[in-house]
Structure formats: structure tokens, C-alpha cells
Amino acid sequence: MNMDYKDMASDEKHGLHPHPLPQHAPPSTSHVSPFMNRAHNSFPPAPDYNTPRTLHIYLDGLTQRHMTIADADKTHPLYTIDQNSGGIFSSTPHMTISQPQSANNPTPAVIGTATFHNMKRTIELEFHGQPVSMDSEGIFSRSYAFMSPAFGQRLWWECDGIWGADLVLVNARKEWIAKFDSSLFSWSKLGKLHISNGAISEATLDEIVVSGCAFMQHERRRRNRSSAGGGAASGGAY
């Protein structure tokens with residue numbers, strides 16, 4: 001697979017290393033958790049992903065409230081993202097990530113949601129109905145942490161790159177699990193999501209996508225507030 005990470009050469013400089021994630025065995029059907037027992041009918045037959053995998057995030061429409069995440073081939077949709085204005089009187093959740101409609105899946109299935117808050121630095125996530133809080137590391141921090149059900153450990157989404165528009169998901173050892181590279185000069189493409197190990201389970205990929213999209217949207221709105229004269233300090237409340 002042709003990978004074009006624009007910051008790959010700087011990984012060592014920033015102390016980031018690909019996370020050697022184990023290849024997951026198929027989950028047991030005796031497990032009662034809906035988080036671990038769901039299969040993606042919309043996924044194509046899985047190739048042998050032994051190397052990093054790149055997903056592509058596209059904007060749908062002028063409002064930029066709808067997005068599609070496509071697989072490495074840029075044509076097969078894996079997720080759809082719908083979001084409302086996020087204002088005081090808007091309904092919650094503010095963001096919903098779904099499995100797209102298909103012949104085998106006539107009704108889109110909700111993968112996860114995100115709810116933002118004006119008065120506290122917490123993003124409320126749900127992975128297949130399982131609530132998880134993603135919390136700021138401090139008033140001036142651009143890092144949000146959450147306890148990952150899929151990985152069984154604490155993970156951090158952090159801002160990266162010169163403009164802070166790129167994002168990286170790391171563990172406590174600063175090994176990168178996923179990276180988001182923003183397409184700053186594109187009207188139709190939001191960016192690329194790189195997964196360090198393409199062999200992870202579908203449920204684990206869901207968690208990376210939901211948490212990453214939530215943090216990405218939090219940062220986009222923070223920047224919009226700042227540019228509009230909101231004057232919010234970095235890492236301020238949503």
C-alpha cells in the first residue's frame with residue numbers, strides 16, 4: 001500500500017513510534033458485550049493488512065456537517081458522520097458515527113456518538129452504547145485522554161504538526177496508534193486517518209474512528225471560535 005505520511009520522517013524527532021498492536025483473534029460468540037460481538041456488513045473482504053492502513057475523510061455538502069470515511073481505495077464507504085450545530089439549544093449527541101447503508105444493511109447502524117460541553121473540558125463518547133469520558137489533561141492542554149475498552153489502557157489524542165491541525169493517538173509509551181493528517185487546502189477532503197496496524201479488529205477500528213472524529217471536531221470548533229474572536233485559550237471548554 002502506498003503510504004504518504006507527511007510527518008513520518010519526524011516520528012523519531014517527536015519520540016513517536018508505531019504501536020506494535022497484536023492481531024486480534026475473532027471474538028467469541030459467547031461474549032455478551034455488543035461492543036465486541038458486532039460484525040461490519042459494509043466492510044469488503046478484508047485483505048491481509050499487516051502494514052499501516054489509511055482511511056480517507058470527505059466532506060459532504062456546503063455545511064460541512066456530514067462526512068464520509070472511505071477505505072484505502074477511496075471509494076468504499078466505511079462510516080458516515082452526522083453532526084448538528086453544537087449550539088446551546090442543539091440536541092444531543094452532537095455527533096453520530098454510523099455504519100453506512102448498504103444492500104446487506106438497509107438501516108444504518110450507529111457505531112458511536114460524541115457530546116460536547118460548554119462549561120467543562122469533557123467529551124462524552126459512546127462506543128456501541130458503552131459510555132466513555134474523554135477528558136482534557138489541563139486548562140492549557142491540547143491533549144484529551146480516555147480509558148479505551150478495546151485496548152484496555154489509557155490513550156491520548158494530541159495535537160500535532162506546525163498548525164496543530166494534525167492529530168495523533170498515543171499510548172503511555174508514546175507509541176502512535178493512529179494519526180490524522182489534515183487536508184488544509186481542500187474543500188472536499190478533510191484529511192487522512194492512518195492506522196499503525198491495519199490488522200486490528202473492526203470494533204477497535206470503530207473506537208479509533210469515534211474518538212478521533214470527536215477530538216478532531218472539538219479542535220475544529222475551538223479554532224473557529226478563536227478565529228471568530230471567541231478568544232478561548234487553547235484547551236478551553238467546548
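Let me begin with the hairpin of E7 and E8: these strands are joined with 2 residues between them, and His-128 in the turn has a positive phi of about 55°. Strands here are DSSP runs of E with at least two residues, helices are runs of H or I with at least four, and both are numbered from the N terminus. E7 and E8 pair in the antiparallel sense over 6 bridges, where pairing requires that DSSP finds at least two bridges between two strands. Within this pairing, Glu-124 stands opposite Ser-133 in E8.

Before I continue, a word on the basis of these values. This is a predicted model, in which local features need pLDDT of at least 70, side-chain atom pairs count only at pLDDT 80 or more, and totals for chains, interfaces and linings use all residues. Residues are numbered from 1 along each chain as its sequence is written, and side-chain values use heavy atoms, with hydrogens and water left out.

On its other side in sequence, E7 is linked to strand E6, residues 109–115, by a hairpin through 6 residues. E6 and E7 run antiparallel and are joined by 4 bridges. Thr-113 has Glu-126 in E7 as its bridge partner.

I turn now to one residue of E7. Which strand holds Thr-122? Thr-122 belongs to E7, which covers residues 122–127. Thr-122 is buried, at a relative accessible area of 16%; buried means under 20% relative accessible area, exposed means over 50%, and partly exposed is in between, with a 1.4 Å probe and protein chains only. The side chain of Thr-122 makes a polar contact of 2.8 Å with that of Asp-135. A polar contact is a pair of N or O atoms within 3.5 Å; within protein, one must be able to donate a hydrogen and the other to accept it, and residues adjacent in sequence count only if both atoms are side-chain atoms. Leaving aside residues up to four places away in sequence, Thr-122 touches Thr-115, His-117, Ser-133, Met-134, Asp-135 and Tyr-144, a contact being heavy atoms within 4.5 Å.

Tyr-144 leads to the aromatic pairs. The structure holds 2 of them. One is formed by Tyr-144 and Phe-215, which are tilted, at 5.7 Å centre to centre and 50° between the planes. Rings of Phe, Tyr and Trp, the last by its six-membered ring, pair if their centres lie within 6.5 Å; planes under 30 degrees apart count as stacked, over 60 as edge-to-face, and the rest as tilted. Because Tyr-144 lies in strand E9 and Phe-215 in helix H1, this pair ties together parts that are 71 residues apart in sequence. Tyr-144 and Phe-215 are both buried.

Next, the charged pairs. How many salt bridges does a search of the whole structure find? The search finds 6, each a side-chain nitrogen of Lys or Arg within 4 Å of a carboxyl oxygen of Asp or Glu.

One of them joins the side chains of Glu-219 and Arg-142 at 2.9 Å, N to O. Glu-219 is in helix H1, residues 202–227, and Arg-142 is in the loop between E8 and E9, so that distant parts of the chain, 77 residues apart, are linked. Glu-219 is buried at 1% relative accessibility, whereas Arg-142 is partly exposed at 23%.Another salt bridge brings together the side chains of Glu-137 and Arg-154, at 3.8 Å, N to O. Glu-137 lies in the loop between strand E8 (130–136) and strand E9 (143–148) and Arg-154 in strand E10 (residues 153–160), so the two tie together parts that are 17 residues apart in sequence. Glu-137 is partly exposed at 42% relative accessibility, and Arg-154 is partly exposed at 38%.

The side chains of Lys-174 and Glu-158 also meet in a salt bridge, at 2.9 Å, N to O. Lys-174 is in the loop between strand E11 (166–170) and strand E12 (175–182), and Glu-158 is in strand E10, 16 residues apart. Lys-174 is partly exposed, with a relative accessible area of 35%, while Glu-158 is buried at 16%.

A further charged group concerns a ring: Lys-179 lies over the face of Trp-176, at 4.5 Å from the ring centre. A charge sits over a ring if NZ of Lys or CZ of Arg is within 6 Å of the ring centre and within 35 degrees of the ring normal.

I close with the chain as a whole. The chain has 1 helix and 13 strands, and from the N terminus on the strands come before the helix. Of its 238 residues, 50% count as buried. Among contacts with a separation of 6 or more, residues 24 or more positions apart account for 47%.
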